[in-house]
Structures are given as structure tokens and as C-alpha cells.
Amino acid sequence: MTNKLGVHALVWVGGWSHDECERAIAQTAELGFDLIEIPALDPSSIDTTFTRRMLDRYHLGTTLSLGLDDSTDISSGDPAKQARGEARLMEVLRVAGDIGATHVCGILYSAFQKYFEPPTPTGIAGSVEVLRRVGEKAAQHGITIGLEVVNRYESNVLNTAAQAVAFARRVGLPNVKVHLDTYHMNIEESDLESALIDTGEMLGYFHIGESGRGYLGAGNIDFDRVFRGLVKAGYEGPITFESFSSAVVNKQLQGILGIWRNLWEDGADLARHAKGTIEHGLKAAREAHARSTLP
Ligand code: MN
């Protein structure tokens, strides 16, 4: 197995106090995951020294994810918002470097919100410019940037894998990649397997989540085809399980993501089940791929 497997911190905790940090990291490590993805909407809420110490203690890797907000929207075409957004992303890179994160991902190219207008060409060009500088800085720390494709209710810029591939090519840096998420793909893509294959080597980060964001397999996504798509794309990067329930509350994310329903209460049972599902699915897809190739 080459893909590192991760879990989003919101499976465990809603905040990042010392107690929450240690609990989330300890439980992630205990289940045998390779990494934990920490939300960094507010990078100043992360005590980098303490977090690094916990990651080292439990031998766990990490990644950071965030979305920008209206006041830091680098796709707005507003120079003041663009400057604030660039500063926010640079601050996140500093935190990522301090805790040893390998990837920074999410809605880094626009605000993480419902828009009521399409983006403008000037706004998109501004976002590309900022991300080029952010990507260059990230490369100095050996960090990969993942531009997360989300559904239309969470951004108006990148809603499909094809849009993200074109956008990442415009940025034009080897460490600025596409980040796909099955929850969003299920809403926007015509075909999940072919979207993964078409993204190919541009795929740099991956979220696996169900249609209702609960237990994998308890929704309507055809994960057998998702795993085959990942294998056919030759994807070897992280696969992080993302799931949200009203049982674990982070006020900011709850509102934007619309986390109203209780889909699970036991994060450990949920995450253990996800890990098994991912491992079995990948194994089957690799076997299918190896045995379908002509000698
Ligand atoms: Mn996601």
C-alpha cells in the first residue's frame, strides 16, 4: 500500500485546545491511521509547539485544511481582500511548516461560502497570481497545495475536476495540485471514475466521504468505481476520511457545511469502519487492475 490514510479532526473534536489536540491525535494513531487533517480556518488557534510535540509523541503525520472567507477572498478582484487572503495563506504555511504538515488543502482559491454571482475573469486571474506566490513559498517547505473542488453551494470557482485541472495548470507549479472529494464529486461530476482518471497526475490530495457525510457505504456513492478510478489514475497521495455529525460541533464549520443531522455518535467506530472500507476497496481495485492488464 502506498497511499497514506488519514482522518479529519472533526471525527473526534470540534476545537483545538490542548486536551482536544491530544485526544484527536491519540485516537487517530491508535486506529493505525498515518495522518490527521487539522482544520486551519483560524491558523492562530493552533498551538504549533504543542501540536508538534503530540504528533511526534504518537508518531503521526499531519495536513492542514481551510477555506478563505469573504474578507480574505482572493477571487473577489478586490485588492484589499486579495492582500488579506494572501497573508492568511502565508500564515497557514508558517503553521504547516512549524508542525511538519505535508499538505495544505481546501478552498484556498476563493471564499468558502455560497455565492450569488459567477466569478469574474479578473477575480480568477487574481486568485491564480496569489496561489502562484503561495505555491512558491510552500515549495520552500516541501509542502503540496491541494485545490479542493467543492459543490456549487460552497464556492463558485472550482466545482468540477476539469475546472481544477485547468486552474492548476494556469498556476503552473509542480506542488500546486488538484484535491478531489467524493462528497462533492457525487453532486457535480458526470462520472466519478472517469473524473479521477482524467485528473490523473494532477491529483495531489483526496477526501473520501459519503453522500450524506456519514458512514462510508451508508449513502449512494459507488466506492468500488472510486477506488478503481484512484488506481487507474496512479494516485499515490493521501486519502483522508471526512465525516461530519452534529455530535461533534465546530460552530464555524457547522454553519457553512450545514451539519444539522446526527449521523453518528461514536467517532472511533466510524473511523475504524472507514479505514477498513478504504483498505478493502483499494486492495480489490489493485487486484482488478493488475489482473486486467495484458502481459
Ligand atoms: Mn472535503
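Here is a short chat about how some labels for this predicted model follow from its computed values.

User: What makes the radius of gyration of the protein chain agree with a compact globule?

Analyst: A compact globule of 295 residues would have a radius of gyration near 19 Å, and the protein chain has 18 Å, so the two agree. As for the outline, the C-alpha atoms fill a box of roughly 50 × 50 × 40 Å along the principal axes. Inside it, the chain has 10 helices and 8 strands.

User: Why is Cys-21 called buried?

Analyst: The cut-off for buried is under 20% relative accessible area. Cys-21 has 1% relative accessibility, so the label fits.

User: And why does Cys-105 count as buried?

Analyst: By that rule again: Cys-105 has 0% relative accessibility, which is why it counts as buried.

User: How do you know that Cys-21 isn't bonded to another cysteine?

Analyst: A disulfide is a covalent bond between the sulfur atoms of two cysteines. To be counted here, the pair of sulfur atoms has to be within 2.5 Å. The cysteine sulfur closest to that of Cys-21 belongs to Cys-105 and is 18 Å away, so it's too far for a bond. Looking from the other end, Cys-105 has its closest cysteine sulfur in Cys-21, at 18 Å, and that is too far as well. The disulfide count comes to 0.

User: What makes Ile-99 a buried residue?

Analyst: Its relative accessible area is 3%, and since buried means under 20%, Ile-99 gets the label. You'll find Ile-99 in helix H3, which covers residues 79-99.

User: Which residues does Ile-99 touch, leaving out those up to four places away in sequence?

Analyst: Ile-38, Thr-48, Thr-51, Arg-52, Leu-55, Thr-62 and Leu-64. Each has heavy atoms within 4.5 Å of Ile-99, so each counts as a contact. For Glu-279, 180 residues from Ile-99 along the chain, the C-alpha separation is 27 Å.

User: What share of the contacts with a separation of 6 or more comes from residues 24 or more positions apart?

Analyst: For the protein chain, that share is 77%.

User: How much of the chain counts as buried, and what does it expose?

Analyst: Of the 295 residues, 56% count as buried. The exposed area is about 12,500 Å², with carbon and sulfur atoms supplying 50% of it.

User: How far apart are the mean positions of the positive and negative charges?

Analyst: They're 3 Å apart, taken over 28 positive and 38 negative charges.

Notes: Residues numbered from 1 in each chain as written. Predicted model: local features only at pLDDT ≥ 70, side-chain atom pairs only at ≥ 80, totals over all residues. Heavy atoms only, no water. Helix = DSSP H or I, 4+ residues; strand = E, 2+ residues; numbered from the N terminus. Rg over C-alpha atoms; globule rule 2.2 N^0.38 Å. Buried < 20%, exposed > 50% of the residue type's maximum accessible area, 1.4 Å probe, protein only. Areas by Shrake-Rupley, 256 points an atom, 1.4 Å probe, with all protein chains shown as cover. Lys, Arg positive; Asp, Glu negative; His and termini not counted. Charge placed at Lys NZ, Arg CZ, Asp CG, Glu CD.
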